[in-house]
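I opened a fresh page for this one and went through it element by element. Here is what I looked up, in the order I looked.

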Amino acid sequence: MLYEPVWALGTGRAAGIRTVYAGSVRPENAAAYAALPHVDGVAVGTASLYAQKLAAIIHAVDRAD
């Protein structure tokens, strides 16, 4: 699907988008997803229910920046 916001039509201005990865983010793979050049963050699902896993994901993403 392609989308161009109304404010960008015919202006020559590029619409910047933010991409958040949201598939099975775990402590073991969070840094790899966060390090991808086109990914601006991760959405954590089930792992967020466990404090240790969530903390590990946060630290992994922080180190990837």
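**Entry 1: before strand 1**

I started with R18, which counts as exposed at 68% relative accessibility. I placed R18 in the segment before strand 1. Then I took a distance to V44: R18 and V44 are 26 residues apart in sequence, and their C-alpha atoms are 16 Å apart in space. I noted for myself that this is a predicted model.

Next I went to T19, also listed in the segment before strand 1. T19 has a relative accessible area of 29%, so I wrote it down as partly exposed. What does T19 touch, leaving out residues up to four places away in sequence? I found H38, V39, D40 and G41. I also checked T19 against A31, 12 residues along the chain, and got a C-alpha separation of 15 Å.

T11 was my last stop in the segment before strand 1. T11 is partly exposed, with 41% relative accessibility. I compared its position with that of A47: the two are 36 residues apart in sequence and 43 Å apart in space, C-alpha to C-alpha.

**Entry 2: the aromatic pair**

How many aromatic pairs does a search of the whole structure find? I got 1. The partners are Y21 and Y33, with ring centres 4.0 Å apart and planes at 20°. Planes under 30 degrees apart count as stacked, so I logged the pair of Y21 and Y33 as stacked. Y21 belongs to strand 1 (residues 20-21) and Y33 to helix 1, so the pair ties together parts that are 12 residues apart in sequence.

I looked up how open the two rings' residues are. Y21 is partly exposed at 28% relative accessible area, and Y33 is partly exposed at 21%. The cut-off for buried is under 20%, so Y33 at 21% stays in the partly exposed class.

**Entry 3: a loop residue and a charge over a ring**

I paused at S24, in the loop between strand 1 and helix 1. Its phi is near 50°, a positive value in a residue other than glycine. S24 is exposed, at 55% relative accessibility.

Then I looked at K53 and Y50. The charged end of K53 sits over the ring of Y50, 5.1 Å from the ring centre.

**Entry 4: the core**

Which residues make up the largest nonpolar core? I listed 8 of them: V25, A30, A34, V42, A47, I57, A60 and V61. Helix 1 (30-35) and helix 2 (51-64) each supply at least two of these residues. Helix 2 gives the largest share, 3 residues.

I followed A30 a little further. Not counting residues up to four places away in sequence, A30 touches V25, I57, A60 and V61.

**Entry 5: helix 2**

I checked the length of helix 2 next. With 14 residues at 1.5 Å a residue, helix 2 should span 20 Å, and its end C-alpha atoms are indeed 20 Å apart, which agrees.

Which residues of helix 2 are buried? I found I57, A60 and V61. Looking down the axis of helix 2, I saw its buried residues fall within an arc of 95°, so they line one face of the helix. Those buried residues pack against helix 1 and strand 2 (41-42). On the other side of helix 2, I noted A51, Q52, I58, D62 and R63 as exposed.

My last lookup was H59, also in helix 2. H59 is partly exposed, with a relative accessible area of 47%. That value falls short of the cut-off for exposed, over 50%, so H59 keeps the partly exposed label. I closed with a distance back to A30: H59 and A30 are 29 residues apart in sequence and 9.2 Å apart in space, C-alpha to C-alpha.

Definitions and conventions: Residues numbered from 1 in each chain as written. Predicted model: local features only at pLDDT ≥ 70, side-chain atom pairs only at ≥ 80, totals over all residues. Heavy atoms only, no water. Core = buried A, V, L, I, M, F, W, Y, C linked by side-chain atoms within 4.5 Å. Buried < 20%, exposed > 50% of the residue type's maximum accessible area, 1.4 Å probe, protein only. Helix = DSSP H or I, 4+ residues; strand = E, 2+ residues; numbered from the N terminus. Contact = heavy atoms within 4.5 Å. Phe/Tyr/Trp six-rings, centres within 6.5 Å; stacked < 30°, edge-to-face > 60°. Lys NZ or Arg CZ within 6 Å of the ring centre and 35° of its normal. Expected span 1.5 Å × (residues − 1). Arc of directions from axis to C-beta.
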